There are 2 protein chains.
Amino acid sequence: MKAVSEIRTQQKKETRGAKTRHEILQAAVHIASAEGLEGLTIGGLADELHMSKSGLFAHFGSKEELQLAIVAKARDIFVREVVDPAFKSERGLVRLLAMLDAWLDYVGRSVFRGGCFFMASAIEFDSRPGQVRDLIAELSRSWLDAIENEARYAQTLGQLDSRVDTAQLAFELHALGHEANWYYNIFQDKRAFDHARTGILDRLRQGATPSLLKLLGEKSAARKTITKRKTKRKESR
Amino acid sequence: MKAVSEIRTQQKKETRGAKTRHEILQAAVHIASAEGLEGLTIGGLADELHMSKSGLFAHFGSKEELQLAIVAKARDIFVREVVDPAFKSERGLVRLLAMLDAWLDYVGRSVFRGGCFFMASAIEFDSRPGQVRDLIAELSRSWLDAIENEARYAQTLGQLDSRVDTAQLAFELHALGHEANWYYNIFQDKRAFDHARTGILDRLRQGATPSLLKLLGEKSAARKTITKRKTKRKESR
DNA sequence: CCGTTGACAGCACGATCGTTCGTGTAGTAA
DNA sequence: TTACTACACGAACGATCGTGCTGTCAACGG
């Protein structure tokens, strides 16, 4: 069991413990997304990683600490998989679309076994006061705000009618993303994403300025390709 | 041949045990909506009802049976609180609006402690195969279909443009309801319902025929009152 | 080369999990 | 009365929960 990697681990200072910790969280985050943060068990997690309960437990001081670490890890993954790619697009409408697209893509690729981690854990903890709930609420708020902010920025660029209520728009776009996650995971039906993408483009077209319409012209051409692709594997998974 | 009296007494006997069973489920359904169907504990439930674990357990034969009974009970409540009231309205656009309104109202009144029972349990069980999951999926499908059916009926009445994709419309309306539930429960913010109602009316206006616009004229007048009322207690709960 | 330290295992704890079983009791049927 | 049934209870099962305490072994600084 004690691997050859002993030599390699000398490279970094805090390696051994931190590496294990990362491995624990990597596994934990996926189990938690499927079984829930409360349903996740320290014993079960230890078994999956071929370690002892106590050895694993020592890395965190309590189950709540473990849960907080898991949520933080999930945020990192979300940032890596959704936020970072989308933020490579130029600001404004283009980035807003990229964000929503990356979000749907992350749900569709099942980056987490149980669908979008934050939707699941938000619902699990919404009537369970404590630090975990607060952290989840904060992160959920951030994502919602990020959507609204980008919509507002698109307004300053003249891509979106300035009379559009961006809070309302963000609510609706976010709703479509959530519904896609819910629909896909309970019905195992990829058409969820077609519906969501259709709805998103529709929402944006409503607040269109000429400048936006030009942008959407390109985008809807791109969308047709996507829709066609999805239609082929309609019943999958 | 069984005598009539025998049947009657049998019914009476059923009534006694059945009454307890109903009381159990009544309490169980609320706990489950907050703690989850898996988080619900037979011992805890028994304590709350001041009965013994074994006495309670005897009414079901396993935890899964209890969970199935809870879901069925939740459906009954949903029908009583949402479906029945809405189905008093005349068919078509009016009933569709009544359904969505009753749904939002049921969420806002916290008929279940943990928000909409079916959204929570769908997400809890979506990666947990078994009878419970199947039942939840079936009931979720029913509600979604009911929305779509009513939209289609509104088309036959000429209230909704016949070119509207009713599956898409149902997806979006359902998404707004779900988002309201999610938003309200994680942020404790009643503005969720304003956003949802605004979105719903907007969605319907998009597919409007002259006949629909006439109907919406009345409805949006009614809505202003609601919105004003809600605004006053914006920060509540 | 020795001593300190950090990462883990082993073991055990009290509590609680779902479940089983034998028993008591109240109410009905004969 | 007697016999039977529906219903609820208490005790106990093995398993597993989260959480401590103690020991061990490898790595590292002096």
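Which hand, left or right, does the crossing of helix 5 of chain A and helix 8 of chain A have? This is a predicted model, in which local features need pLDDT of at least 70, side-chain atom pairs count only at pLDDT 80 or more, and totals for chains, interfaces and linings use all residues. Residues are numbered from 1 along each chain as its sequence is written, while chains are lettered from A and ligands numbered from 1 in the order in which they are written.

The crossing turns out to be right-handed, that is, the near helix is turned clockwise from the far one by less than a right angle. Helices here are DSSP runs (H or I, at least four residues), numbered from the N terminus. The axes of helix 5 (residues 93–108) and helix 8 of chain A come within 10 Å and cross at roughly 10°, with axes taken as lines fitted to C-alpha atoms over the stretch in contact and angles running from 0 to 180 degrees between N-to-C directions. That makes helix 5 of chain A roughly parallel to helix 8 of chain A (angles under 35 degrees). Helix 5 of chain A brings residues including A:L100, A:W103 and A:L104 to the contact, and helix 8 of chain A brings, among them, A:L173, A:G177 and A:Y184; contact means C-beta atoms, placed from the backbone, within 7 Å. By type, the residues of this contact are seven nonpolar, three polar and no charged (Ala, Val, Leu, Ile, Met, Phe, Trp, Tyr, Cys and Pro count as nonpolar, Asp, Glu, Lys and Arg as charged, the others, Gly among them, as polar).

Now for the pair of chains. A turn of 180° and a shift of 0.0 Å along the axis lay chain A on chain B with an RMSD of 0.2 Å (least squares on C-alpha atoms of residues with pLDDT of at least 70 in both). That is the relation of a two-fold axis. In chain A, the C-alpha of A:A175 sits nearest the axis, 2.7 Å from it.

Each chain puts 31 residues into the contact between chains A and B. On the chain A side, helix 8 gives the largest share, 12 residues, and that side divides into 12 nonpolar, 13 polar and six charged residues.

As for DNA strand D, 23 residues lie around it, with A:G43, A:S54, B:G17, B:S54 and B:G55 coming nearest (near means a C-beta atom, placed from the backbone, within 6 Å). Helix 1 of chain B provides the largest share of this surface, five residues. The surface near the strand holds four nonpolar, 12 polar and seven charged residues.

Conventions:
Helix = DSSP H or I, 4+ residues; strand = E, 2+ residues; numbered from the N terminus. Contact = placed C-beta atoms within 7 Å. Parallel < 35°, antiparallel > 145°, perpendicular 65-115°, else oblique.
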